[in-house]
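Work through the exercises below with the sequence and the structure side by side. Try each task before you read its solution.

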Amino acid sequence: MLDFMDYVQNAFYEASHWNRNNSYGTLTATPQALLDFSTPLGLRLHISSLSTPHFASSYTLTSTGLLSGSLSYLYTSLRLPSLPCATRSLPLPAFTPTSYRQLLPLRPPDPLWWWEIWHAGRRIDARDALLYGRLYLPKSTLEALYIRRLNTTAQLKISAVSDSRLPNGGSVLALLAQDKGKWSAEYMYSTDSALLGVRGLYNFGPDPRAPGSGVISRAEEDATAAGMLSDSSSRERRARGNNATSNEQVSRFSAGAEVYYGLLNKSGGMSTGVRFATLPAHTGFPYTMTLTLNPLMGNLSSSYSVRAGKLLSLSSRFDFNVYSYESEVVMGMELWKLKEGGGSGFDERGKHLGTKRAEDTKEPGNGGRVVGGTDEARHEDGDMAGCLKARIDQRGSVGLLWEGRVKELVYSCGALIDLRGGKDMISGVGLEVQYSS
């Protein structure tokens, strides 16, 4: 189940037009969501609220034999007034997103004018930022996060943790990300072992920034829908969009790599990977294939994920170590349950109907940026009653997770089962409940 603060953070990315999927760090996001989901342990209760368009808070209480909890606060300079947050009216997939990530066609970076806000002949715009802090009790561990959009193609992310039990009392990780559409790069530095790293992702195929590509940016699409552009500019951009639609890609092949080195411990590492995924224009079932390799450790991992139906997603992964000859096979599934008399929210090929955002509304004071989805998409998502996730590996270890809703509460319950039997055949049983307003 998605944490409320992660939900608000994802809304910040969406409103600021930052593509989270165009990164080497999310190359295997689909198989990880289907195969590596976590099950709750003990009893956990979340109470959250978006009290103002800029401020959110969340309180967590956990019982696993010992009572613990946390306090979380988030501030964003980007207004989120139309972001739905109440669990009583929010569709279930908002807190339990579909694990299969349908990649969308690449878009060029937003034009510079999209960031401009003028008042009385002067520019008054500022770069969007997000601040987040979380205090764990009674351990007094403090987590902090700072995100700032530097320009239309760059973002700075700084995360820190403070704990007396950690070396040097904590650590700080800084990540500078650059997204050009055709390719992306991330530069990292961590105070833990003075770690330096760089990773990048390259997408093969047409360049969305090319003048003849016919692809319009998210900013131009939103501005056209809101009537901010002149009639001639709107017609020109619609023509470019129609031209892009007629020449849409049906799939995308991406390749990436990462390299890191610790200056203090004089050790490093690297990995490389490729991904082939279908796009919405594909006429068959959506699927994603990935292959990653860590040459220093000798680990090779391949996965295949498919949306096999309107409500069903399947995934499998095979891991192999060329040095020890050890291997592992994991298979998993995600099955959604509809409310009685409800629609599926997906077409006959299993594609989500809520990806179009042409009906989105613009919010004043955001420089014309879009917040929130369409009523049609929310209605389709509202037809979901629950979601079952399951996985099994070659050792007979089974993970089960059910996510659903009871009146105004969203909950998830799960367990880990060892089919080989033994004293601890069932472990990791837990229940997680979330309420937000």
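**Exercise 1. Work out how far the predicted model can be trusted, and where it calls for caution.**

Start with pLDDT, the predictor's confidence in each residue on a scale from 0 to 100: its mean over the protein is 82, and 82% of the residues reach 70 or more. Next, look for weak stretches: over residues 346-352 the pLDDT is below 50, although this stretch has 32 contacts (heavy atoms within 4.5 Å) beyond near neighbours in sequence. Residues 354-379 also have a pLDDT below 50, with 55 such contacts in the model. Where pLDDT is low, the predicted coordinates should not be read in detail.

Two conventions apply to what follows. Because this is a predicted model, local features need a pLDDT of at least 70 and side-chain atom pairs count only at 80 or more, while totals for chains, interfaces and linings use all residues. Residues are numbered from 1 along each chain as its sequence is written, and side-chain values use heavy atoms, with hydrogens and water left out.

**Exercise 2. Describe helix H1, its ends and its surroundings.**

First, find the helix, a DSSP run of H or I with at least four residues, numbered from the N terminus: H1 covers residues 4-15 and spans 17 Å from its first C-alpha to its last, close to the expected 16 Å, which is 1.5 Å times one less than its number of residues. Second, check its ends: Asp3 caps the N-terminal end, with a side-chain oxygen 2.9 Å from the backbone nitrogen of Met5, and just after H1, His17 takes a positive phi of about 60 degrees. Third, ask how covered the helix is: nine of its twelve residues are buried (under 20% relative accessible area, where exposed means over 50% and partly exposed lies in between, with a 1.4 Å probe and protein chains only). Phe4, Tyr7 and Phe12 are among them.

**Exercise 3. Which residue forms a salt bridge with Arg199, and are the two partners buried or exposed?**

Recall that a salt bridge is a side-chain nitrogen of Lys or Arg within 4 Å of a carboxyl oxygen of Asp or Glu. The partner is Glu258, with the closest N and O atoms 4.0 Å apart. Glu258 lies in strand S12 and Arg199 in strand S11 (strands being DSSP runs of E with at least two residues), so the pair links parts of the chain 59 residues apart. Glu258 counts as buried because its relative accessibility is 18%, and Arg199 is likewise buried, at 18%.

Conventions
A polar contact is a pair of N or O atoms within 3.5 Å; within protein, one must be able to donate a hydrogen and the other to accept it, and residues adjacent in sequence count only if both atoms are side-chain atoms.
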